[in-house]
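Welcome! Take a moment to turn the model around on your screen before reading on. The briefing below will walk you through some of its parts.

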Number of protein chains: 4
Amino acid sequence: MTLFTKTLFTKKSGIVLVLLTASGSLSAAEIANNNITEAEIKAAQDAWGKALIQISDDYRSGGIEKAKTTATAVLDGAYGYNNGPVLFKPTLAGGEQTFRLNQEGALAYFVGNNQAYPADTGFALKNWKSYNYDNAAVYINGDMALTMGKVHLIDRDNKETTVDKTWGFKKGDDGKVRIVLHHSSLPYAG
Amino acid sequence: MTLFTKTLFTKKSGIVLVLLTASGSLSAAEIANNNITEAEIKAAQDAWGKALIQISDDYRSGGIEKAKTTATAVLDGAYGYNNGPVLFKPTLAGGEQTFRLNQEGALAYFVGNNQAYPADTGFALKNWKSYNYDNAAVYINGDMALTMGKVHLIDRDNKETTVDKTWGFKKGDDGKVRIVLHHSSLPYAG
Amino acid sequence: MTLFTKTLFTKKSGIVLVLLTASGSLSAAEIANNNITEAEIKAAQDAWGKALIQISDDYRSGGIEKAKTTATAVLDGAYGYNNGPVLFKPTLAGGEQTFRLNQEGALAYFVGNNQAYPADTGFALKNWKSYNYDNAAVYINGDMALTMGKVHLIDRDNKETTVDKTWGFKKGDDGKVRIVLHHSSLPYAG
Amino acid sequence: MTLFTKTLFTKKSGIVLVLLTASGSLSAAEIANNNITEAEIKAAQDAWGKALIQISDDYRSGGIEKAKTTATAVLDGAYGYNNGPVLFKPTLAGGEQTFRLNQEGALAYFVGNNQAYPADTGFALKNWKSYNYDNAAVYINGDMALTMGKVHLIDRDNKETTVDKTWGFKKGDDGKVRIVLHHSSLPYAG
């Protein structure tokens, strides 16, 4: 927005011009907005499923090493482990290893093959083919958003797995959205 | 958004239906967003000037008591004094009374007539007629927004007063936007 | 903090005095802090268990009406339903009623006796006697905090129920902390 | 905090042990806190004055190039220009160049010698010797803090300059605190 100048204030037309100026949009250089948007939340949720399927595909085409490389990149980019603990309760994790606060624990969950996590069989290695989700509700607070809903995963045998999933997303200074909370659980059977 | 149901998953068309569902908008009952918006910032800035002129009008029509009543209502509604201190440096305040952290000090500044603030002549009593502003930049962070720019006030003698003004706005749990910071100063003459 | 005055600046000792002033604490009237603290998080977690046991006690002593009255008061005070949806996935809720975004659904879960929620048997009516929790991690972001960990409930027959629980707490303008997210699930059995 | 284990629950002493555990502090690996603290605010305010004096000293010892290098480093480290606009209204800036939203404008203000900013004489070149400040009030909201108060600068001739100053600080993902808002003005003379 250009700065107000005296010449705009000729007695007759000045005020109209000023009002036009005042209602003009600010350019990118003149506005900062650190808040997370619904579009960014959706993009992050879409990316999560796409990444899971990518790890699965890479495992089939390149084995565990390729899957591990991809999973590490996903965790580096999509989760907040590089900034501190992530509150992660994976679907199929229990006992003393229920919570995966650091990246090693998350990687073990997704691709297994870590003796320190003997129960992990590699959730991302299970031949996933497609993914969709249905948010029951979304809560936005500053640079953080919480989502809760059903997530559906379908494998290459068309077997569907549904989980109840809560995500907490945090938008960083770099504008990237990362998962800082992830609670996934099997539906209650009744 | 309606919850996902099994019947959508007929083998052939189910996934398309699910994707449509997932991209649907959430209703008001399913989304919470505590963040302040550009529209809310603009509305609060517009309201500030309108309120100043209203106090001025009420002073002319009803004297100091009417002006005081209006100013009190404005401070109750548009400033955050009921929740704690407001960081307020009025344009024409100096010395040991430069900062008006509580509502009494703010009221004294706007309508004067308070022996505890002998230098205050009542900024809102000065026959204001119109108001406009020009934001140089806006910074949005969660439920808080900061604006900085020029504010122009014109009185009934068409005399214009321009100030450099910074506002800090906070959106409350009730969805209302209140001023929590206000630094106003005369332009540097050079 | 008292304002800096000229008299402090006698050439020899002035600077020392000024430094003392500058390091003084601000009084309550001079500082506002909207952030949630670890102590407030702990108090909210403690209160949740205490409230659950209270509902249980009131059910035994006064029947369903007394339990319902207490549960309603708990939901009004400790959950954020009065400000919008709460992202609530109770432990024993499934199917199309997995998520309880509004207060009616939450009340049905805790005290049952609502024909619209036929699967609900009243989680808070189950003779709870004691409660403790063990946070695996806590994430604090502004006025919001997320906790994830194990929660243990023991009933009057000394039977223990353990759940994996995620809470999202939001501190309001009134300084009160309310639950805006609650995902509870039975441990994965492996 | 160590995870809760069954062995703690021997019938007689278990609950006491659990309560002790639950009241234990979380380690750095188990807690994330993005909020800005009063200590961080004070450190940032102290650093601002120290940096100003450093530029002044470097100008005397090494001329304009050394001053410029130091000032650039200060702006890179202490201001948020690398993330977007900074709402900066320097004390002695007026007219169409009142606001310095980008780093070039801020640098010109502090060290002058920029033909695009002909009125700038270099505020940081003025032989500053000591600095102190007196916060009238502080407002903390998440990772952002606002301060308002008097700032006193004393030059090598013992001449004191006092300004009314508002700062907005933002804590970044890297834990560093940067100025995103800075409104400085000469005291109102009355």
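What follows is a short tour of helices, strands and the way chains are related.

Please keep in mind that this is a predicted model. In chain C, we look at a pair of helices and at a sheet that also takes in a strand of chain D. After that come a hairpin region in chain A, a helix pair in chain D, and the relation between chain C and chain A.

**Two helices in chain C**

- Start with helix 2 (residues 38-78) of chain C and helix 3 (residues 103-111) of chain C, whose axes come within 13 Å and cross at roughly 55 degrees.
- These two helices of chain C are therefore oblique to each other.
- On the helix 2 side of chain C, the residues in contact include Trp48(C), Leu52(C), Ile55(C) and Ile64(C).
- On the helix 3 side of chain C, the contact is made by Gln103(C), Ala106(C), Leu107(C), Phe110(C) and Val111(C).
- Sorted by class, this contact between helix 2 and helix 3 of chain C has 11 nonpolar, 2 polar and 2 charged residues.

**How helix 3 of chain C is covered**

- Is helix 3 of chain C mostly covered or mostly uncovered? It is mostly covered, with 8 of its 9 residues buried.
- Among the buried residues of helix 3 of chain C are Gly105(C), Ala108(C) and Tyr109(C), and Gln103(C), which also meets helix 2 of chain C, is buried too.
- The cover over these buried residues includes helix 2 and strand 2 (87-89) of chain C.
- Just after helix 3 of chain C you will find Gly112(C), which takes a positive phi of about 60 degrees.

**A sheet that uses two chains**

- Now find the open sheet of 6 strands, which has the order 2(C)-6(C)-5(C)-4(C)-3(C)-1(D) and mixed pairing.
- Its edge strands are strand 2 of chain C and strand 1 (31-33) of chain D, each of which pairs on one side only.
- From one strand to the next, the twist averages 35 degrees.
- As background, strands of a sheet pair through backbone hydrogen bonds, either parallel or antiparallel.
- Strand 2 of chain C pairs with strand 6 of chain C in the parallel sense over 3 bridges, and here Lys89(C) has His183(C) as its bridge partner.
- Strand 5 of chain C pairs with strand 6 of chain C in the antiparallel sense over 8 bridges, with Lys170(C) standing opposite Arg178(C).
- The hairpin of strand 5 and strand 6 of chain C has 5 residues between the strands, and Gly175(C) there takes a positive phi near 80 degrees.
- Strand 3 (residues 128-141) and strand 4 (residues 144-155) of chain C pair in the antiparallel sense over 12 bridges, and one bridge partner pair is Ser130(C) and Ile154(C).
- Strand 6 of chain C is mostly covered, as 9 of its 9 residues are buried.
- Helix 2 of chain C lies across several strands, including strand 3 of chain C and strand 1 of chain D, and runs at about 145 degrees to strand 3 of chain C.

**Hairpins in chain A**

- Strand 5 (residues 160-171) of chain A is mostly covered, with 10 of its 12 residues buried.
- How many bridges join strand 4 (residues 144-155) of chain A to strand 5 of chain A? There are 11, and the two strands run antiparallel.
- One bridge between these strands has Met144(A) partnered with Lys170(A).
- In their hairpin, which has 4 residues between the strands, Asn158(A) takes a positive phi near 60 degrees.
- Strand 5 of chain A is also joined by 8 bridges to strand 6 (residues 177-185) of chain A, again in an antiparallel run, and Trp167(A) has His182(A) as its bridge partner.

**The helix pair in chain D**

- Helix 2 (residues 38-78) and helix 3 (residues 103-111) of chain D pack at an angle of about 55 degrees, with their axes 13 Å apart.
- That makes helix 2 of chain D oblique to helix 3 of chain D.

**Relating chain C to chain A**

- Chain C superposes on chain A after a rotation of 180 degrees with 0.0 Å of shift along the axis, giving an RMSD of 0.0 Å.
- The two copies are thus related as by a two-fold rotation axis.
- Which residue of chain C comes closest to the rotation axis? That is Ser185(C), with its C-alpha at 3.1 Å.
- The copies meet through the same surface, because 100% of the interface residues of chain C are also interface residues in chain A.

Note on methods
Residues are numbered from 1 along each chain as its sequence is written. Chains are lettered from A and ligands numbered from 1 in the order in which they are written. This is a predicted model: local features need pLDDT of at least 70, side-chain atom pairs count only at pLDDT 80 or more; totals for chains, interfaces and linings use all residues. Side-chain values use heavy atoms; hydrogens and water are left out. Axes are lines fitted to C-alpha atoms, for helices over the stretch in contact, and angles run from 0 to 180 degrees between N-to-C directions. Angles under 35 degrees count as roughly parallel, over 145 as roughly antiparallel, 65 to 115 as roughly perpendicular and the rest as oblique. Contact means heavy atoms within 4.5 Å. Ala, Val, Leu, Ile, Met, Phe, Trp, Tyr, Cys and Pro count as nonpolar, Asp, Glu, Lys and Arg as charged, and the others, Gly among them, as polar. Copies are superposed by least squares on the C-alpha atoms of residues with pLDDT of at least 70 in both. Buried means under 20% relative accessible area, exposed over 50%, partly exposed in between (1.4 Å probe, protein chains only). Two strands pair if DSSP finds at least two bridges between them.
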